[in-house]
Amino acid sequence: MDLSLNVNGRPEQFSARPNELLVERLRDGLGLTGTKVGCDTGQCGSCVVRLDGRSVKSCLVLTASAAGSRVTTIEGVTERGGELTGLQEALRQEHGTQCGFCTPGMVMALGEFVETALTDDAAGREAPTEPEIREWLTGNLCRCTGYHSVVRGVQRACAAARDAASGREE
């Protein structure tokens, strides 16, 4: 079947099998290998991408069901000029990216969490707590960090974004 997607801001048109998974299209069809294949069952989170702004496990999404959608992979999240996003930099500073296999999926999932937290913060709600961050991370397995440094990275990213929004420096 002939399909089209907008991937990282670029229109892509291709033929896909009815049973093709989005992770297969991204990695094998488009060469976007930052999206990892870990468990093939939706449990590890290494394949998380953003589909129309929401984080999804691409090993559980049929390419055909994503037709016409906007897909953002880890290759599409860096700032202009190749700069790391605030979340990526905070994870780097807090050593939340040890072996790196889970990092792309975590960045994609946590990016949505940070955006939600900032929206909540703008509405006057408190910054996300450690238990809230850990709950969001339940869909992403990491065998290296113990999640402590990842949680600190998310807290740092949220604080830096709040400070930037209020005009203060980190």
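These are my notebook entries on selected residues, one helix pair and one aromatic pair in a predicted model.

**Entry 1. Aromatic rings**

I first looked for pairs of aromatic rings. A pair of this kind is described by the distance of the centres and the angle of the planes. My count came to one aromatic pair. The pair is formed by F113 and W136, with 5.4 Å from centre to centre and 45° between the planes. I recorded the pair as tilted, because an angle that is neither under 30 degrees nor over 60 falls into that class.

I then looked up where the two rings sit. F113 belongs to helix α3, residues 103-122, and W136 to helix α4, residues 130-136, so the pair ties together parts that are 23 residues apart in sequence. Is F113 buried or exposed? F113 has a relative accessibility of 9% and counts as buried. For W136 the value is 31%, and I entered this residue as partly exposed.

**Entry 2. Helices α2 and α5**

I next examined how α2 packs on helix α5, the latter spanning residues 148-165. The angle between them is about 135°, and the axes are 8 Å apart. That angle makes α2 oblique to α5, because it lies between the limits of 115 and 145 degrees. I noted the crossing as right-handed.

Which residues make the contact? From α2 I listed G86, L87, A90, L91 and Q93. From α5 I listed V150, G153, V154, R156 and A157. Sorted by class, the contact has six nonpolar, three polar and one charged residues.

**Entry 3. Around the ends of α2**

I looked up T85 in the loop between β5 (70-72) and α2 (86-93). T85 is buried, with a relative accessible area of 13%. Setting aside residues up to four places away in sequence, I found that T85 touches V77, T78 and E79.

H95 is located in the loop between α2 and α3. At a relative accessible area of 59%, H95 is exposed. I also checked its backbone: the phi of H95 is near 60°, a positive value in a residue other than glycine. Most residues other than glycine have a negative phi.

H95 appeared again when I looked up S149, which is in helix α5. S149 is buried, its relative accessible area being 4%. Apart from neighbours within four places in sequence, S149 is in contact with E94, H95 and G96.

**Entry 4. The loop between α1 and β3**

I took three residues from this loop. D40 lies in the loop between α1 (22-29) and β3 (48-51). Its phi is positive, at about 65°, although D40 is not a glycine.

C39 has its place in the loop between α1 and β3. With 27% relative accessibility, C39 counts as partly exposed. How far apart are C39 and C59 in space? I noted 8.7 Å from C-alpha to C-alpha, for two residues that are 20 residues apart in sequence.

T33 was my third choice in the loop between α1 and β3. T33 counts as partly exposed, at 41% relative accessibility. Leaving aside its neighbours within four places in sequence, I found T33 in contact with R27 and E75. I also looked up T33 against A66: they are 33 residues apart along the chain, and their C-alpha atoms are separated by 18 Å.

**Entry 5. Loops on either side of α4**

I turned to E126, placed in the loop between α3 and α4. Its relative accessible area is 71%, and E126 is therefore exposed, since exposed requires a value over 50%. I looked up E126 against L21, which is 105 residues away along the chain. The C-alpha atoms of E126 and L21 are separated by 38 Å.

R143 is placed in the loop between α4 and α5. Is R143 buried or exposed? R143 is exposed, with a relative accessible area of 80%. For R143 and C99, 44 residues apart along the chain, I recorded a C-alpha separation of 8.8 Å.

Methods: Residues numbered from 1 in each chain as written. Predicted model: local features only at pLDDT ≥ 70, side-chain atom pairs only at ≥ 80, totals over all residues. Heavy atoms only, no water. Phe/Tyr/Trp six-rings, centres within 6.5 Å; stacked < 30°, edge-to-face > 60°. Helix = DSSP H or I, 4+ residues; strand = E, 2+ residues; numbered from the N terminus. Buried < 20%, exposed > 50% of the residue type's maximum accessible area, 1.4 Å probe, protein only. Contact = heavy atoms within 4.5 Å. Axes fitted to C-alpha atoms, helices over the stretch in contact; angles between N-to-C directions. Parallel < 35°, antiparallel > 145°, perpendicular 65-115°, else oblique. Left-handed = near helix turned anticlockwise from the far one by under 90°. Nonpolar A, V, L, I, M, F, W, Y, C, P; charged D, E, K, R; others polar.
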